[in-house]
Amino acid sequence: MAKSIFPHDPKHPNAPKVFISYSHDSKIHNEWVRTLCDKLRLKGGANAMIDSYAIEEQNHWNQLMVDGFEKSDKVIIVLTRKYKSKANQINTGTGFEVLLGTNILRDPKKSFKLILIKKDKRDCSLCSQKRTVSSLICN
């Protein structure tokens with residue numbers, strides 16, 4: 001059995017598990033996401049995880065993403081223009097995560113699990129009413 005990507009914290013055993021999905025846009029963007037994850041851990045009381053932290057626990061990227069989406073209580077998807085450009089490319093990590101998110105979004109019992117955020121309000125608008133993650137990202 002594979003080790004969980006969410007480390008056990010004996011001080012906070014019931015902390016919500018939060019996986020953050022994002023595209024690797026730039027070093028600055030990656031650092032912003034890392035800071036978000038750290039703040040959720042330190043100030044938000046969440047057991048937050050991003051790929052660069054989790055890869056130490058799980059060495060297969062696709063399995064890491066599946067575990068992040070399936071074993072978390074919440075999934076934060078950081079929406080940017082680069083995320084959108086990769087969203088429909090199934091051969092990218094972002095494209096694979098979009099498929100995972102779309103499956104959750106289409107299930108009324110699980111759709112509450114997704115939290116879509118925009119790092120910058122200029123990144124995109126959420127205009128579509130379609131029930132896919134990629135349709136919610138950017139025009």
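Biologist: I would like to begin with one residue: where is the place of Ser23?

Modeller: Happy to start there! This is a predicted model, and in it Ser23 sits in the loop between β1 and α1.

Biologist: Is Ser23 buried or exposed?

Modeller: Buried means under 20% relative accessible area. Ser23 has a relative accessible area of 0%, so it is buried.

Biologist: Which residues does Ser23 touch, leaving out those up to four places away in sequence?

Modeller: Its contacts are His29, Asn30, Thr80, Lys82, Tyr83, Lys86 and Thr94. For Tyr83 there is a further detail: its backbone nitrogen lies 3.4 Å from a polar atom of the Ser23 side chain.

Biologist: Let us step back to the whole chain. How many helices and strands does the protein chain have?

Modeller: There are five helices and four strands. Following the sequence, you meet them in the pattern β-α-β-α-α-β-α-α-β.

Biologist: And how do the strands come together? What is their order in the sheet?

Modeller: First the general idea: strands of a sheet pair through backbone hydrogen bonds, either parallel or antiparallel. Here, four strands form an open sheet in the order β2-β1-β3-β4, and the pairing is parallel. At the edges are β2 and β4, each of which pairs on one side only. On average, neighbouring strands of this sheet are turned by 20° against each other, direction ignored.

Biologist: How many bridges join β1 to β3?

Modeller: Four bridges join these parallel strands. To find the pairing in the model, look for Ile20 of β1, which stands opposite Ile76 in β3. Another place to look is Ser21, whose bridge partner in β3 is Ile77.

Biologist: What about the other pairings? How many bridges join β1 to β2, and which residue of β2 is the partner of Val18?

Modeller: β1 and β2 run parallel and are joined by three bridges. The partner of Val18 is Ala48 in β2. Between β3 and β4, also parallel, there are five bridges, and Ile76 has Ile115 of β4 as a bridge partner.

Biologist: How many residues of β1 and of β3 are buried?

Modeller: In β1, four of the five residues are buried, which leaves this strand mostly covered. In β3, five of the six residues are buried, so the rest of the structure largely encloses it.

Biologist: Now to a helix. What should the 16 residues of helix α1 span, at 1.5 Å a residue?

Modeller: Helix α1 covers residues 27–42, and the expected span is 22 Å. Its end C-alpha atoms are 22 Å apart, which agrees with that expectation.

Biologist: Which residues of α1 are buried?

Modeller: They are His29, Val33, Leu36 and Cys37. These residues cover an arc of only 95° around the axis, so they are on the same side of α1. Turn to the face directed away from the buried side, and you find the exposed residues Lys27, Ile28 and Leu42.

Biologist: What do the buried residues of α1 pack against?

Modeller: Their partners are β1 (17–21), β2 (47–49), α2 (51–54), β3 (74–79) and β4 (114–118).

Biologist: To finish with the chain as a whole, what percentage of its residues count as buried?

Modeller: Of the 139 residues of the protein chain, 42% are buried. As for contacts between residues at least 6 apart in sequence, 66% join residues at least 24 apart.

Note on methods:
Residues numbered from 1 in each chain as written. Predicted model: local features only at pLDDT ≥ 70, side-chain atom pairs only at ≥ 80, totals over all residues. Heavy atoms only, no water. Helix = DSSP H or I, 4+ residues; strand = E, 2+ residues; numbered from the N terminus. Expected span 1.5 Å × (residues − 1). Buried < 20%, exposed > 50% of the residue type's maximum accessible area, 1.4 Å probe, protein only. Arc of directions from axis to C-beta. Contact = heavy atoms within 4.5 Å. Polar contact = N/O pair within 3.5 Å; in protein donor to acceptor, adjacent residues only side chain to side chain. Pairing = 2+ DSSP bridges. Axes fitted to C-alpha atoms, helices over the stretch in contact; angles between N-to-C directions.
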